[in-house]
Amino acid sequence: MSRDRRCSKIRVPTQGRRKAVLFRLMLWGGLVTSLTACAQGGQLTPMGATLLGDRHRVDLAEQAEALPYASLVAQNQGNRALLIMAHRTGENGRDTYWQAGDRATLHLRNGVPTSTAGFEEILLGRWLSADSNSERYRVHVHWRDASGQEWQDVATARLSCESARPVELPLTRLALERCTERLDWESSNTHSRGVYWREPGSLRIWGGDMALWPDGPRLRWQVARPWWSDAEDTGRDAEQTTLPDGAPSS
C-alpha cells in the first residue's frame, strides 16, 4: 500500500507466502502482466490501479464484489487498497495473509493486525498476554521505522464493548458491537485508542481502526468478502468473551 516502495523487494513471512489463490487473481481477466508496474517506469497498469484504489478513483466495493476471493478494504497513511487473501494457516485458520496490488502484505490473527510487509514502516509483531487483573491485558509491539531502526513497547490495555448497532461494510450491512481498546504505553509514556467492530455471538471481527504502535500510523480496515464459513463456530459464552489471544472484554 505504500506508493513509494512498489519496486522494492519484500520479504514475506514463510507462512504468508503467496499461494495459488493469489496467482489465480493475477491471471484473472487475462491480465497476468498488469502488476508489472516497476517495468513501466513506476506507472501502474490497469489491474494494479484497480487493486490499489484511490489513484484512479476505482470503487473498491465494486471491485471486491466482482472478485470471488476473500478481500479487505484497508487504508493507511492516505492510501486505500483492496487486499486479497493469499494464505490462511495456524490453529483453526486464525492466521490470514492479505496482499494489495503492489504486494504490500497485512497479516491478521483472529481478525486483528499482527504484522505487515512492504510498508515504509513495518509492524514486525503484535501479540497479547494476560495480566493479573482479569479486566486488563498486555499488548506487546515490535516495529521498524522508515530509517530501519527497530523499537518495542508494551501497553496495559482494557477493552469495552457497546451494544450492537448497524454498520455499513463494503458489501453488506450488519449489526456489530463497537469495541474500544484503550492502551497505556510504558516506554513511550503515551496513550492510544483502537476500535474493533465485532459480530455478536460469533465474535468475528469485521473491521477496525487502530495505531499499529505508539504514535504510529493508523490502519483502518473492513472485511469486504469474508473468508470464514457459517460452519466455523468461533462464538463463546457471553460472560467469557475475549478478543484474540485472551484479551478480555467488558
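# A tour by selection

Colour the chain by confidence before anything else: in this predicted model, pLDDT averages 76 over the chain, and 67% of the residues score at least 70. Select residues 2-55, where pLDDT is below 50; this stretch still has 92 contacts in the model beyond near neighbours in sequence. Then select residues 236-242, where pLDDT also stays under 50 and the model has 12 contacts beyond four places in sequence. Where pLDDT is low, the predicted coordinates should not be read in detail. Both stretches can be hidden for the rest of the tour.

**Strand E12 and its partners**

Select residues 205-211, strand E12. Seven of its seven residues are buried, so the strand is largely enclosed by the rest of the structure. Add strand E11, residues 191-198, which pairs with E12 in the antiparallel sense over four bridges. To find the register, show Trp197, which stands opposite Gly207 in E12. Follow the chain from E11 to E12: the two form a hairpin with six residues between them, and Gly201 in the turn has a positive phi of about 85 degrees.

Now add strand E13, residues 218-225, which runs antiparallel to E12 and is joined to it by five bridges. Here Gly208 stands opposite Trp221 in E13. The E12 and E13 hairpin also has six residues between its strands; among them, Asp215 takes a positive phi near 60 degrees.

**Aromatic pairs**

Show the aromatic side chains next; five aromatic pairs are counted. Start with Trp143 and Trp213: their ring centres are 5.6 Å apart and their planes are at 5 degrees, so the pair is stacked. Trp143 sits in strand E7 (residues 137-144) and Trp213 in the loop between E12 and E13, so the pair ties together parts 70 residues apart in sequence. Are these two rings buried or exposed? Trp143 counts as buried at 9% relative accessibility, and Trp213 is buried with a relative accessible area of 3%.

Move to Tyr196 and Trp221. Their ring centres are 6.3 Å apart with planes at 65 degrees, so this pair is edge-to-face. The pair links distant parts of the chain, with Tyr196 in strand E11 and Trp221 in strand E13, 25 residues apart. Tyr196 counts as buried at 1% relative accessibility, and Trp221 is buried at 3% relative accessible area. Finally, select Trp98, Trp206, Trp227 and Trp228, which ring pairs link into a cluster.

**Nonpolar cores**

In soluble globular proteins, nonpolar side chains tend to be buried together. The largest nonpolar core in this model has 37 residues. Select Leu72, Leu83, Trp98, Leu106, Val139, Tyr196 and Trp227, the members with the most contacts inside that core. Apart from it lies another core of eight residues, including Leu60, Tyr69, Val73 and Ala224.

**Strand E5 and the loop after it**

Select Thr114 in strand E5, residues 112-117. Thr114 counts as buried, at 11% relative accessibility. Its side chain reaches the backbone nitrogen of Arg109 at 3.4 Å. Which residues does Thr114 touch, not counting those up to four places away in sequence? They are His107, Leu108, Arg109, Leu123, Leu124, Gly125 and Arg126.

End at Phe119, in the loop between E5 and strand E6 (122-130). Phe119 has 5% relative accessibility and counts as buried. Show Ala146 as well: Phe119 and Ala146 are 27 residues apart in sequence, and their C-alpha atoms are 8.8 Å apart in space.

Conventions:
Residues numbered from 1 in each chain as written. Predicted model: local features only at pLDDT ≥ 70, side-chain atom pairs only at ≥ 80, totals over all residues. Heavy atoms only, no water. Buried < 20%, exposed > 50% of the residue type's maximum accessible area, 1.4 Å probe, protein only. Polar contact = N/O pair within 3.5 Å; in protein donor to acceptor, adjacent residues only side chain to side chain. Contact = heavy atoms within 4.5 Å. Core = buried A, V, L, I, M, F, W, Y, C linked by side-chain atoms within 4.5 Å. Pairing = 2+ DSSP bridges. pLDDT = per-residue confidence, 0-100. Phe/Tyr/Trp six-rings, centres within 6.5 Å; stacked < 30°, edge-to-face > 60°.
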